[in-house]
Amino acid sequence: QPCPTEIVASSRPPPCAPPAAAMSHRKFEAPRHGNLGFLPRKRTKHHRGRIRSFPRDDAAKAPHLTAFIGFKAGMTHVTRDVERPGSKVHKKEIVEAVTVLETPPMVVVGVVGYKETPTGLRSVTTVWAQHLTDDCKRRFYKSWYASKRKAFTKYAKKYAESPQEIEHEVEKIKSLCQVVRVIAHSQVRLLKLRQKKAHVMEIQVNGGSVAEKVDFARSLFEQQVEVDSVFSQNEMLDVCGVTRGRGQEGVVTRYGVTRLPRKTHRGLRKVACIGAWHPARVSFTVARSGQHGYHHRTEVNKKVYRVGKKGAENDAATERDLTDKNITPMGGFPHYGVITEDWLMLKGCVAGPKKRPLTLRKSLLAHTKRSSLEEVSLNFIDTSSKFGHGRFQTAAEKARFMGPRKRDNAEDA
C-alpha cells in the first residue's frame, strides 16, 4: 500500500499547469468575410439598372407608371429640422448628404401584354406607336451610321393602310393579358452627355382594370412623361444601378479579410489557407482576387427630398434661405456640369459614378416607420463650389465679398 504522503502528492496538480484564468487565444469562430449572396462578383451585363420585380398591383388605384430613368449629377448637403417624437434629435437641426439626379422626360413608344402561366409571365403581343424618334431607333442598330435606318417603316404603314390590325392586337391584350407594361425611352440627348442612343425599358402599369391600363398606355403614345407624374416629394423609392468599377483587386480590398503578420513570407495581403488537401479543389466560398466594382445593385428605401422642374427659378431656395439660387452649385457639378432638365433630390448616396443612368422604381413595401412617413422641410441647400473648399453660395455673393476685379474693369473698358 502507498504511504499517506504519496496519496497527497498524487492528488496535487502538476507544477507546470498554469491557472485557468491565464489562458488566452483568438476566437475559434468568427463571421465570414464577404457576402455569398452577391456571387459571382463579375462585371454586370446591364449598364443601366434592371428591374427584376415591380410593385404589387392594386386595382383600386388609378392607372399609373411605376418606374423612371435618371442620371446621377452629383452630391451636396442640406440642413433640416427633424420631426421625430421620442428621438434624441427631435426638433433639432441636422445636416444630411443628398444626391441630385437629373431626370429628363421619358417618351412612351409601345405597350406589351403579359399572360400569367404556371412557369411565369409570357408575352402575348406588343403594340408600337406610329412614330419613333431617331434616338429610340439608334438602340436597335449596332452602327447607326452604316445602317439603312429602315426600322419600323413597314410597321408605321399599318396605321394608314390597315388600322384594324393595330386594334386587333390591342383587343388581344385587353382580353388575354393580366400584366400591362409600356415601352419607354429616355431623352439622353437633352443632357449633352455626348450620347444620342436612348435607353429603352419596360415600365409596368399598375392600378385599374386591364382595359383601363391599356387605354392609359395608349394615351401616352409619343407623349413625354415627366418625373413628377411618377414620384412626389417625401416618397420612398428604390434605385437600381451599377456600382463604380474598380478593376482587379486583391482579397483584402475585395473581401475585407484580415492582413497576415508583418513578417509573412511572400506578402501579407493574402488568404493564408485556401482549403484542405481534400477535396482537391478550391471552394467557391474562399476569398480570391478578381473583379471589384461594376456590379448590379438595388438599394431600397431612398427618400425623395425635393422634385425640381426645368426652368424653375430659385429651385434651391427654402423658407429660411431666400437666396436667389438654382440647384447647380458654383462651377457646376464636378465631372457633370449644369442641370438644365427636371431633377430629383434623394437622401444619401446612390450607386455609380457621375453621368451613369439609374433606374428608379416605386417601393415594393407599405411603409410604416416614422422616418419613412416624416414630412421633410429643408432649411438650407448648399450650392457652394464642389471643387475644393466652397466658400460662396452664389456668384453675386462672391462678387460682393471680393469687390471689383481687374477682369471686371477690363470688360467695362
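Me: What does Glu226 form with Lys309, and how far apart are the closest N and O atoms?

Reply: Glu226 and Lys309 form a salt bridge, and their closest N and O atoms are 2.5 Å apart. The term stands for a side-chain nitrogen of Lys or Arg within 4 Å of a carboxyl oxygen of Asp or Glu. One caveat up front: this is a predicted model, where local features need pLDDT of at least 70 and side-chain atom pairs count only at pLDDT 80 or more, while totals for chains, interfaces and linings use all residues. Also, residues are numbered from 1 along each chain as its sequence is written, and side-chain values use heavy atoms, with hydrogens and water left out.

Me: Which parts of the chain does that pair link?

Reply: Distant ones: Glu226 is in the loop between strand E8 (224–225) and strand E9 (236–242), Lys309 is in the loop between E12 and E13, and the two are 83 residues apart. The element names are DSSP runs numbered from the N terminus, with helices (H or I) of at least four residues and strands (E) of at least two.

Me: Is Glu226 buried, exposed or partly exposed?

Reply: You read that off the relative accessible area: buried is under 20%, exposed is over 50%, and partly exposed is in between (1.4 Å probe, protein chains only). Glu226 has 32%, so it is partly exposed, and Lys309, at 32%, gets the partly exposed label too.

Me: How many salt bridges does a search of the whole structure find?

Reply: The search turns up 21. There is also a network of them linking Arg80, Arg84, Glu96, Lys347 and Glu374.

Me: How do you describe two packed helices?

Reply: You give the angle between their axes and the distance between those axes. An axis here is a line fitted to C-alpha atoms, for helices over the stretch in contact, and angles run from 0 to 180 degrees between N-to-C directions. In this model, try helix H4 (residues 163–176) and helix H5 (residues 210–219): their axes come within 8 Å and cross at roughly 140 degrees. That crossing makes H4 oblique to H5, given that under 35 degrees counts as roughly parallel, over 145 as roughly antiparallel, 65 to 115 as roughly perpendicular and the rest as oblique.

Me: Which residues of H4 and H5 meet?

Reply: From H4 you get Ile166, Glu167, Val170, Ile173 and Lys174, and from H5 Val210, Ala211, Val214, Asp215 and Arg218. Contact here means heavy atoms within 4.5 Å. Glu167 makes a salt bridge with Arg218, closest N and O atoms 3.2 Å apart, and that pair spans 51 residues of chain. Asp215 does likewise with Lys174 at 3.0 Å, so H5 and H4 are tied together by a pair 41 residues apart in sequence. Glu167 is partly exposed at 38%, as are Arg218 at 27%, Asp215 at 41% and Lys174 at 25%.

Me: What is the relative accessible area of Lys213?

Reply: It is 2%, so Lys213 is buried. This lysine sits in helix H5. Leaving out residues up to four places away in sequence, Lys213 touches Asp57, Val180, Val205, Asn206, Gly207 and Gly208.

Me: How far is Asp315 from the nearest side chain of opposite charge?

Reply: Lys and Arg count as positive and Asp and Glu as negative, with His and the chain ends not counted. For Asp315 the nearest opposite charge is Arg306 at 6.7 Å, and this buried aspartate has no salt bridge. Asp315 does have a polar contact of 3.2 Å with the Trp343 side chain. That term means a pair of N or O atoms within 3.5 Å; within protein, one must be able to donate a hydrogen and the other to accept it, and residues adjacent in sequence count only if both atoms are side-chain atoms.

Me: What should I expect of backbone angles?

Reply: Most residues other than glycine have a negative phi, and most peptide bonds are trans. Here, Phe152 has a positive phi of about 65 degrees, and so does Arg266, at about 65 degrees. Phe152 is partly exposed at 23%, whereas Arg266 is exposed at 70%. Cis peptide bonds join Leu39 to Pro40, with omega about -5 degrees, and His278 to Pro279, with omega about 0 degrees.
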